[in-house]
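Me: I'd like to go through this one and ask where each label comes from. Can you back the labels up with numbers and cut-offs?

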Amino acid sequence: MLRTVVTLTMLATLYARTAIAYTGEATWYHAGKGACGFVNKASDHIVALSPYEYLNGRSCLKNITVQYNDRSVDATVVDLCPECASGSIDLSMSAFAALAPLDVGRLRHVVWNFN
Ligand SMILES: *[C@@H]1O[C@H](CO)[C@@H](O)[C@H](O)[C@H]1NC(C)=O
């Protein structure tokens with residue numbers, strides 16, 4: 001009985017860890033030297049996270065998958081977005097363009113997760 005409870009708890013923890021979905025707004029910015037210490041260009045699929053998900057750099061080089069309507073794009077975390085609210089993300093031009101035209105500027109509701 002105890003073993004079953006422990007196993008179920010572990011499975012639940014594992015599931016929660018892989019299933020966390022973040023929601024927020026998505027914007028785009030001009031990639032350059034990021035807070036993680038790398039230099040990127042507009043054609044790289046990269047993303048800056050809010051301080052709440054950037055975690056003082058612990059999220060650097062993790063990949064995320066962003067979904068917007070029926071589109072999705074993968075991007076690598078290379079930067080901090082200090083002004084982003086928790087869950088909101090700032091994408092490179094090419095990553096944003098995979099979700100919507102650049103001139104839209106801001107997507108009000110994207111869902112993303114760490115891979
Ligand atoms: C993130 O994605 C890039 C590009 O696809 C890949 O080269 C890299 O290995 C991935 N990193 C991790 C930690 O999965």
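Me: What makes Y22, W112 and F114 a cluster?

Reply: Ring pairs link Y22, W112 and F114. This is a predicted model, and the ring distances are computed from it. Y22 and F114 sit 5.7 Å apart, centre to centre, and W112 and F114 sit 5.3 Å apart. The cut-off for a pair is 6.5 Å between centres, so both count, and F114 is in both pairs. The total for the protein is 3 aromatic pairs.

Me: Why is the pair of Y22 and F114 called edge-to-face?

Reply: The planes of Y22 and F114 make an angle of 85 degrees. Edge-to-face starts over 60 degrees, so the label fits. This pair also links distant parts of the chain: Y22 belongs to strand β1 (residues 22–29), F114 belongs to strand β6 (residues 107–114), and they are 92 residues apart.

Me: And how do you know that W112 and F114 are edge-to-face?

Reply: By the angle again: 80 degrees between the planes of W112 and F114, set against a limit of over 60.

Me: Are Y22 and W112 buried or exposed, and why?

Reply: Y22 has 21% relative accessibility, so it counts as partly exposed; buried would need under 20%. W112 comes out at 0%, and therefore counts as buried.

Me: What makes K62 a charge over the ring of F114?

Reply: K62 lies over the face of F114, at 5.4 Å from the ring centre. The distance limit is 6 Å, so K62 passes on that count.

Me: How do you know that β1 and β6 pair?

Reply: There are 4 bridges joining β1 to β6, and two are enough for strands to pair. They run antiparallel. As one example, T23 has V111 in β6 as its bridge partner.

Me: Which strand pairs with β6 over 4 bridges, starting from residue 63?

Reply: That is strand β3 (residues 63–68), and the pairing with β6 is antiparallel. T65 is partnered with N113 in β6, while V66 stands opposite W112, the buried Trp of the ring cluster.

Me: What makes β3 and β4 a pair?

Reply: 6 bridges, in the antiparallel sense, between β3 and strand β4 (residues 71–80); the minimum is two. Y68 stands opposite R71 in β4. The hairpin of β3 and β4 has 2 residues between the strands, and N69 takes a positive phi near 50 degrees there.

Me: Why are the phi values of N56 and L61 worth a remark?

Reply: Because most residues other than glycine have a negative phi. N56 has a positive phi near 50 degrees, and L61 has one of about 70 degrees although it is not a glycine. N56 is in the loop between α2 and β3, and L61 is in that loop too. At 79% relative accessible area, N56 is exposed, since the limit for that label is over 50%.

Me: What about S59: buried or exposed, and why?

Reply: S59 has 1% relative accessibility, so it counts as buried. Its place is in the loop between α2 (51–54) and β3.

Me: How do you know that S59 makes a polar contact with E53?

Reply: A polar atom of the S59 side chain lies 2.5 Å from the backbone oxygen of E53. The limit is 3.5 Å, so the distance fits.

Me: What makes N63 a polar contact of the ligand?

Reply: A polar side-chain atom of N63 lies 2.4 Å from an oxygen atom of the ligand, within the 3.5 Å limit. On its own the ligand has 360 Å² of accessible area, and the protein covers 22% of that. The residues around the ligand are L61, N63 and T76.

Me: Why is A26 called buried?

Reply: A26 has 0% relative accessibility, so it counts as buried. A26 lies in strand β1, and its C-alpha atom is 5.8 Å from that of S88, 62 residues apart along the chain.

Me: What is the overall pattern along the sequence?

Reply: It reads α-β-β-α-β-β-β-α-β, with 3 helices and 6 strands. Of the 115 residues, 34% count as buried.

Conventions. Residues numbered from 1 in each chain as written. Heavy atoms only, no water. Near = heavy atom within 4 Å. Polar contact = N/O pair within 3.5 Å; in protein donor to acceptor, adjacent residues only side chain to side chain. Areas by Shrake-Rupley, 256 points an atom, 1.4 Å probe, with all protein chains shown as cover. Phe/Tyr/Trp six-rings, centres within 6.5 Å; stacked < 30°, edge-to-face > 60°. Buried < 20%, exposed > 50% of the residue type's maximum accessible area, 1.4 Å probe, protein only. Lys NZ or Arg CZ within 6 Å of the ring centre and 35° of its normal.
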